Amino acid sequence: MNKDQAPLRFHTRKWVKPEDLNPNNTLFGGSLLKWIDEEAVIYAIVQLDNPHVVTKLISEVEFINAPVQGDIIEMGFTATHFGKTSITLKCEVRNKLTRAQILTIERLVFVNLGKDGNPVPHGKTGITLGSEKFNS
C-alpha cells in the first residue's frame, strides 16, 4: 500500500453457520464470494453517493485458509482507484478470532450508472469518510 492509500477498513463480520458449509465442512466458496460482492457494492454505493452501481470485474481469487463452522470472518475494503465512471476496491477477508488471512482480492471494479442504466461520471476522487450517505 502506498502512503497515500487509506488502510483497509473492516466493515462486516459474518458468522459461519451450518448452512454455509460445503461437503468438506468448510465455508462454501460461493457463499463467501456472494458476501464479498454484496458488501463491496454497498461500499461502492456509499463512496460514489449513488445506489445505481453494478459489479464489472472481480480479479483472481485464491483461497488461503478455509473457515469452519463457528468461525467469525471479517471483510475489509478500501478504494484503490477512482476512474471516470468506475471505482476499484481491494478486499481482504480474515478470521476475526485468529487473524488468519482467508483471501485477498486485489481488484473489484464497480461502475456508476445513471437511472437509464448507462455508465455516468461520478465526479469522485477520494474516499468518503465520516457521515456517509447517498441520494437516491
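Strand β6 is mostly covered, with nine of its 12 residues buried; buried means under 20% relative accessible area, exposed over 50% and partly exposed in between, using a 1.4 Å probe and protein chains only. Keep in mind that this is a predicted model, where local features need pLDDT of at least 70, side-chain atom pairs count only at pLDDT 80 or more, and totals for chains, interfaces and linings use all residues. Residues are numbered from 1 along each chain as its sequence is written, and side-chain values use heavy atoms, with hydrogens and water left out.

**Exercise 1. Get your bearings in the chain.**

Task: work out which elements the protein chain has, and in what order they come.

Solution.
- Step 1: count the elements. The protein chain has one helix and six strands. These are DSSP runs numbered from the N terminus: helices are H or I with at least four residues, strands are E with at least two.
- Step 2: read along the sequence. The pattern comes out as β-α-β-β-β-β-β.
- Step 3: check the burial. Of the 136 residues, 40% count as buried.
- Step 4: look at the contacts, meaning heavy atoms within 4.5 Å. Among contacts with a separation of 6 or more, 68% come from residues 24 or more positions apart.

**Exercise 2. Find the neighbours of β6.**

Task: list strands that pair with β6, using the rule that two strands pair if DSSP finds at least two bridges between them.

Solution.
- Step 1: start with β2, residues 53-58. Five bridges join β2 to β6, and the two run antiparallel. One of the partners to look up is V53, which is matched with N112 in β6.
- Step 2: go on to β3, residues 62-63. Two bridges join β3 to β6, again antiparallel, and F63 stands opposite L103.
- Step 3: finish with β5. Eight bridges join β5 to β6, which run antiparallel; here L89 has L108 as its bridge partner.
- Step 4: inspect the hairpin of β5 and β6. There are five residues between the strands, and R99 takes a positive phi near 65°.

**Exercise 3. Follow the charges around E74.**

Task: which side chains meet E74 in a salt bridge?

Solution.
- Step 1: recall the cut-off. A salt bridge is a side-chain nitrogen of Lys or Arg within 4 Å of a carboxyl oxygen of Asp or Glu. The structure holds five of them.
- Step 2: take R94. Its side chain meets that of E74 at 2.6 Å, N to O. Since E74 lies in β4 (residues 72-82) and R94 in β5 (residues 86-95), the pair ties together parts 20 residues apart in sequence. Both E74 and R94 are buried.
- Step 3: take R99. The E74 to R99 salt bridge is 2.9 Å, N to O. It links E74 in β4 with R99 in the loop between β5 and β6 (101-112), 25 residues apart.
- Step 4: compare the cover. E74 is buried at 1% relative accessible area, whereas R99 counts as partly exposed at 46%.

**Exercise 4. Try a pair on β6 itself.**

Task: where do E106 and K90 lie, and how many residues apart are they in sequence?

Solution.
- Step 1: find the salt bridge. The side chains of E106 and K90 meet at 3.7 Å, N to O.
- Step 2: place both ends. E106 is in β6 and K90 in β5, so the pair ties together parts 16 residues apart.
- Step 3: check the cover. E106 is partly exposed at 46% relative accessibility, and K90 is partly exposed at 22%.
- Step 4: go back to the shared partners. Salt bridges join R13, E74, R94 and R99 into one network.

Note on methods:
Pairing = 2+ DSSP bridges.
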